[in-house]
Amino acid sequence: MKTRITKIVKFEMGHQLDNCYSEECKLPHGHGYRLECTFEGDVNPETGMIMDFKEIKEILQPVIDQYDHKFLTSESYGQNPTAENMVRDIFRSIRQQTLLIKKVRLWETDTGYAEVSY
C-alpha cells in the first residue's frame, strides 16, 4: 500500500509575461502563490513515516527562495515565467532531491493552478 503526504507552502512573487493572451498579463503584476507538494512511498515501519516533514521543508526551502519576493521576467527567468513553466521547474528541482515526489501543484490565484505529476 502506498501512502501520500502533502506539504503546503506559500510565497509572494511578481512577474511580467511575454506572449500572453491579455494586455494585463504583459504588465508587471504579482500573486500570492500556494505550492502543494505531494510525496508518495511506503511507510517506514520504524518511523511510521514516508518522510519527515522537517526533511521536506529542508528540500523545499531553497526552491522557494528562488521565487519568494522576486520579480521574474522572461529575461531573468530564461523563459516566460508562467505558472506552467514554474511548476515544471519546481518539480524538477525537488525530483533531484528525492524520487518520492509525486505531484506539485502551484496555485497562482484562488481559482487557478498548474500541476505536474509523475
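**Briefing: the largest pocket and the sheet**

Helix H1 (23–26), strand S2 (29–41), helix H4 (83–97), strand S4 (101–109) and strand S5 (112–117) are the elements that each contribute at least two residues to the lining of the largest pocket. The model described here is predicted. Its 5 strands form an open sheet with mixed pairing, and helices H2 and H4 lie against that sheet.

**The largest pocket**

- The volume of the largest pocket is about 290 Å³.
- Its lining comprises 19 residues, and those nearest the centre are Leu17, Tyr21, Cys25, Glu84 and Glu108.
- Strand S5 gives the most to this lining, supplying 3 residues.
- Sorted by class, the lining residues are 7 nonpolar, 8 polar and 4 charged.

**The sheet**

- Strands pair through backbone hydrogen bonds, in either a parallel or an antiparallel manner.
- The order of the strands across the sheet is S3-S1-S2-S4-S5.
- Strand S3 (70–72) and strand S5 form the edges, each pairing on one side only.
- From one strand to the next, the twist averages 30°.
- Strand S1 (residues 3–15) runs parallel to S3, and 3 bridges join the two.
- Met13 stands opposite Lys70, a residue of S3.

**Helices on the sheet**

- Helix H2 (residues 53–65) lies across S1, S2 and S3, and its direction makes about 25° with S1.
- Helix H4 packs on the sheet and touches S1, S2, S4 and S5.
- The direction of H4 makes about 150° with that of S4.
- H4 thus appears in both topics: it packs on the sheet, and it supplies at least two residues of the pocket lining.

Terms used. Residues numbered from 1 in each chain as written. Predicted model: local features only at pLDDT ≥ 70, side-chain atom pairs only at ≥ 80, totals over all residues. Heavy atoms only, no water. 1 Å grid on protein atoms, 1.4 Å probe; cavity = no way out; pocket = protein on both sides within 12 Å on 5 of 7 lines; lining within 4 Å. Points joined across faces, edges and corners; volume = space filled by probe spheres on them. Helix = DSSP H or I, 4+ residues; strand = E, 2+ residues; numbered from the N terminus. Nonpolar A, V, L, I, M, F, W, Y, C, P; charged D, E, K, R; others polar. Pairing = 2+ DSSP bridges. Axes fitted to C-alpha atoms, helices over the stretch in contact; angles between N-to-C directions. Contact = heavy atoms within 4.5 Å.
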